[in-house]
Amino acid sequence: MTDIRYLAPQTLDEAVGAFAAAQGAARILAGGTDLLVQMRNGVARPGTIIDIKKIAELTSIEETADGGFRIGAAVSGAVLAEHPRFGTVWPGVLEAINLIGSTQVQGRASPGGNLCHGSPAADSVPAMVAAGAVLTIQGPNGRRTLPVEQFPVGPGRNSLAPGEILVSFSLPARPKGSGDAYLRMIPRTEMDIAVVGVGVSLTLENGVCTAARVGLGAVAPTVKLVADAATALVGTKLDDAALEAAAAACRAACKPIDDKRGTIEYRIKVSGVLLKRTVAIAAERAGRA
Amino acid sequence: MNAIDNKWIGQRTIRPDGVDKVTGRAGYAADNTMPGMIWGHVLRSPHAHAVIRGINTAKAEALPGVKAVVTAQDIVNFPLDKSVMLGIQDMRWMCRNVMAREKALFHGQPVAAVAAISEEIAAAACALIEVDYEVLPHVIEIEDAIKPDAPILHDFLKFEGKSSNIAGTMVNKVGDIEAGFAQADLVIERSYDTRPVHQGYIEPHACTVSCTADGKVTIWSSSQGQFMVRAMTSLLTGIPQSNIRAIPAEIGGGFGAKTIIYLEPVAVMLSKKSGRPVKMVMSRDEVFRATGPAPGMKATVKIGMKKDGTIVAGHGVFYLQAGGLPGSPLRGPVGCSFAPYNIANVLSEGFDVVSNRPKVAAYRAPGAPLGAFAVETVIDELCEKLGLDPLEVRIKNHARPGDKAVYGATFGSITFVETTEAMLNHPHYKAPLDKAPAPHIRRGRGVASGFWYNAGGESSAQVNITEDGNVTVTTGHPDVGGSRASTANVTAELLGIDHSRISVLIGDTASIGFSNLTGGSRVTFASAMVVTQSTEKVIGQLKERAARIWKIDPEAVDWDNGEARPAGANAGKFPPLTLKELAAKANEMGGPIGAGIQLNTVGADPGFATHIVDVEVDTQLGIVRVIRYTACQDAGRSLHPSYVEGQIQGGVVQGIGWALSEEFLYDKTGKMDNASFLDYRMPVCSDLPMIEAVALEIPNPKHPQGVRGVGEAGILPGLAAIANAVHDAVGKRFSSLPLSPPKVLAVLDA
Amino acid sequence: MAKVHVTTTINGEPVEFLCDPGQNMLDVLRNTLGLTGSKEGCGTGDCGACSITLDGRLTCSCLVLAAEVEGKEVGTIEGMAQGDHLHPLQQKFLEMAALQCGICTPGVLVAAKALLEKNPDPSETEVRFWLAGNLCRCTGYDKIVRAVMETAAEMRGAA
């Protein structure tokens, strides 16, 4: 029998202390929708489980003074969906987080867990990358911040140092005329892992795209920020040529694998299709904002 | 029996087991516990193909908390050279499927099992068992398994004089196909391939077994037949049937796969060795790796048609995957594919191919959906190219009563024509369809039909009148989808009493006579027959009691609306005697009132279905969605219409999953790569529209209420109907299932 | 390692139990507390048969550590009827035959109840997406969706 300890600290300092002390034998429990599955399958055999949901900073949603948002890493998708303003400011980020699993999973799963689990197909990550989210991370050596796209370093691997815990996501304030969107391709309508996922955030002024970010998931070892796709959009009226150039940039950014969820050829092609569709939704939202 | 006169038959009554099932109180297999119970766990082969040179269980046995270890040595060995059949199951294969013997034939095959005081210790002990494997090259796909240089799974299997993975063949033939094709104006030949699919019941296999010192065994398990559990466990453990009592738990779905057993003999031997009750529950991972599935298929179908739509010849060659042990359902595609039609010249050939996959189990009209997929898409293409309406062509060619089927039977009162005519005249078939609602969206409509044999077989029922004048009915087949509700309706109708006064139970093997499996679309047909005859005997007894009380001839008593009434010359002479009054006097007037019937039921007419489906194709992503579905079957008489519709709707959606998203995927080592509900994609609620079930009621003259079995046929047409609809939408033919987005997009871009 | 002592509320009643720190709530409900109405179809959060509510929020009990329910309110299928009085969803499922084998039914009912508490007037699409995590292999979902919508309409009428 494997001995496991369950800890539910009230403060981040306690959590970081316990996590660092366990020297790699501990796992952080947020929603648990990945961790409990890994434990059942024998993939994870933690010596200590540190439940971070009793720590206020990790479970709160805050509107910052500058008009941005700070989302605790352990906030569940269902709680975020009930926030009165978040979904109107960042609809794409919210729809991406709300695509993680079933209603039941939504009651537990968090953007922090989704990111830390390290799947290249994590739904929330391309939208967070497009949104320009900045992470707050706390460890034995204190706090630091990191752009979200720099967090994953490979499938199942991230840039957290030993003992560090992901605390929150900070999303910037939105200029007028901004919109974001996330689309994924799955074979069913629900309950699948993304075969391709595309997040787009952009700003329009008089119909001209003045800023854009594109996040691309499930087509490479990590979610990618596709700068070339954004470049292709900025300065255009999102005409067909611009969209095709951005789609081509997405296709070029793909380094996918053949697996049970999709083929290389299919993923590359679909990344371009989804880019165009996602831009259309984001632009439509920007036009209303 | 005239439908309009029925008070209970045809009513949507509340099922007798309903409240337990909506409150969480119904007892399924994994819900049972016994005093002193311990837990069993199975060690499974990590190799797709390996010789088992030896098994050392010493370390496992030494682990504290371990109470028993079982290997193939503890299961009865049926030698490979002699077939021992139980129904359609050969015990040579079953004993090896339950516990690998000479060889591991698929990843996940049981190799040993442990019982211990906790699940964790049992699992830990399994990890301590040392199995000496000689790993062999494996083969997964049919095309690889039948190559001359393929790894051979079973040396003793010979085909055309040589060791082969072809384990068996089956041929149905009428007329002369060459002569038939010569008459055709158009001949189309197409090849098909499909992947294995799992039955996908939500309840994993589970059992609790108690083997006591006097050699008596009690099994509480979920299956499609407690008598099958008893018989197969008896054969595989050597314990006589009289010492085994199999108690049917509520069953959480089976769809054919629970017509065989996996855990029960192992649990019996663990219980026997440990002297403790043993509980075993499979994980979903184990269910996917080691139970079911339905076979995948490689097939070639050739059909010839005249310009007027007459089908003149058909040739089908169907290779089915058996899994690691022989026994794929060849009679499905071989016998059923051409059976909807009266075709003068047919040759239908089947080959049973072993490969290193789990042994297949029955799944809703076993094998038949595969054959229907091939034949019904070729017919669609013939109709398209000859400019004919596909439903009218089917009606023109449908078999009619008295026609002889390719599998040998002469059809009785079949209603294929009426069923397809109902779809031809259905508003769905004529409804306009916007075929291009958006630049990258195309819509299309498809139709197809399908045939299944249906079955009668052995059934038993006991109807007893309680001392207070109410009724208990016991039958011998598990209720998978509302059969108790139908039984209650029939009994209430015949006795003329309120439905609520009848309690319907499923008996265990010691409390009711032999009853065959819940399968083959037989239970409503057969149980209504034995319940009717039992109830009629009870009514005879009630009339006899009344006659005795009134001192008149029993022939002069009528049973009407729940009471005995003097009839004929005595009419009106005595006040009627109610069931309650007669029950109160039962003991003084001849003893308890009750009757049982045990029958081998006959007269089941085939199952047949015709479907219409509309699909929507995203031509940029290759995604196919079903947007409208109408399915028609003749139920003969719907004893409980809701559960007839439910059978049709459930079958349709399993067909949609088979067509669009379900498949077994393997990695290079021969290990299933998608053994979870996350990656084995069964349709979820948001994938589907409402499913319109059209149940015709043209009575089967050989059944007291007119029943025709409905359980299976609903799964048959969907695979072809959807492929035909996708063709209608995008103009391309698809011959490989599932129609997964990458596959569809590849064809669209080709 | 020592077991964890948990004090919680299940279906409105105070409950205490001991669990292993790594044990999930489904296992405790079924094998420690005898509440076998929650079913295990997968153990990985993909089928919904073990659905419960945790402080009113729908989740899969197989995805919750038992130790996490300390101080929380757990709702299971066993708490859905009030004594002999079935919840309107339970009654409607019986009347409309929205179950066949019944193994998914407890999870579907718990999920549907959570939906109607949040959204008394769901569209068919909303019902279908809310229930997408509750696999049913028998019914094709048709009668389930109809029963949920019909119940919602009746409950709105009664309110």
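Okay, helix 3 and helix 5 of chain C. Helix 3 covers residues 105-118, helix 5 covers residues 142-158, and they pack with their axes 11 Å apart at an angle of about 40 degrees. Bear in mind as we go that this is a predicted model. With that angle, helix 3 of chain C is oblique to helix 5 of chain C, because roughly parallel is kept for angles under 35 degrees. As for the hand, the crossing of helix 3 of chain C past helix 5 of chain C is right-handed.

So who is touching whom? From helix 3 of chain C you have C:V108, C:A112 and C:L116. Across from them, helix 5 of chain C brings C:I144, C:V148, C:T151, C:A152 and C:M155. If you sort that contact between helix 3 and helix 5 of chain C by class, you get seven nonpolar residues, one polar and no charged.

Let me zoom out to chain C as a whole. The domain assignment splits chain C into domain 1, residues 4-79, and domain 2, residues 88-158. How far apart do the C-alpha centres of domain 1 and domain 2 of chain C lie? They are 22 Å apart. Where these two domains touch, domain 1 of chain C puts in 13 residues and domain 2 of chain C puts in eleven. On the domain 1 side, the largest share comes from strand 3 of chain C, residues 51-54, with three residues. By class, that side of domain 1 of chain C has six nonpolar, six polar and one charged.

Next, what chain C does with chain A. Here 26 residues of chain C are in contact with 24 residues of chain A. Which elements of chain C supply at least two residues each to the side that touches chain A? Those are strand 4, 57-60, and helix 4, 124-130. Strand 4 of chain C gives the most, with four residues. And the classes on the chain C side facing chain A: 14 nonpolar, nine polar and three charged.

While we're on chain A, that one is divided into domains too. Domain 1 of chain A is in two pieces, 5-119 and 133-171, and domain 2 of chain A is 178-288. The centres of domain 1 and domain 2 of chain A, taken over C-alpha atoms, are separated by 25 Å. Their contact takes 13 residues from domain 1 of chain A and 14 residues from domain 2 of chain A. If you want to find the domain 1 side on the screen, look for helix 5 (91-97) and strand 8 (152-154) of chain A, the elements that give two or more residues to it. Helix 5 of chain A has the largest share there, five residues. That side of domain 1 of chain A comes out as eight nonpolar, three polar and two charged residues.

Right, chain B. Its secondary structure comes to 20 helices and 30 strands. The radius of gyration of chain B is 27 Å, close to the 27 Å the globule rule gives for 750 residues, so chain B is as compact as a globular protein of that length. Along the principal axes, the C-alpha atoms of chain B fill a box of roughly 85 × 75 × 50 Å.

How does chain B meet chain C? The contact takes 42 residues from chain B and 42 residues from chain C. On the chain B side, the elements giving two or more residues are helix 1 (18-23) and helix 18. Helix 18 of chain B has the largest share, seven residues. In terms of class, the chain B side facing chain C divides into 20 nonpolar, 15 polar and seven charged.

Now stay on helix 18 of chain B, residues 641-660. It packs with helix 19 of chain B, residues 718-730, at an angle of about 55 degrees, axes 8 Å apart. That makes helix 18 and helix 19 of chain B oblique to each other, and their crossing is right-handed. The residues from helix 18 of chain B are B:V652, B:G655, B:I656, B:W658, B:A659 and B:L660. They meet B:G718, B:L719, B:I722 and B:A723 in helix 19 of chain B. That contact of helix 18 with helix 19 of chain B has eight nonpolar residues, two polar and no charged.

That's what I had, thanks.

How values were computed
Residues are numbered from 1 along each chain as its sequence is written. Chains are lettered from A and ligands numbered from 1 in the order in which they are written. This is a predicted model: local features need pLDDT of at least 70, side-chain atom pairs count only at pLDDT 80 or more; totals for chains, interfaces and linings use all residues. Axes are lines fitted to C-alpha atoms, for helices over the stretch in contact, and angles run from 0 to 180 degrees between N-to-C directions. Angles under 35 degrees count as roughly parallel, over 145 as roughly antiparallel, 65 to 115 as roughly perpendicular and the rest as oblique. A crossing is left-handed if the near helix is turned anticlockwise from the far one by less than a right angle, and right-handed if clockwise. Two residues are in contact if their C-beta atoms, placed from the backbone, lie within 7 Å. Ala, Val, Leu, Ile, Met, Phe, Trp, Tyr, Cys and Pro count as nonpolar, Asp, Glu, Lys and Arg as charged, and the others, Gly among them, as polar. Domain bounds come from an automatic or database domain assignment. The radius of gyration is taken over C-alpha atoms; the globule rule is 2.2 Å times the number of residues to the power 0.38.
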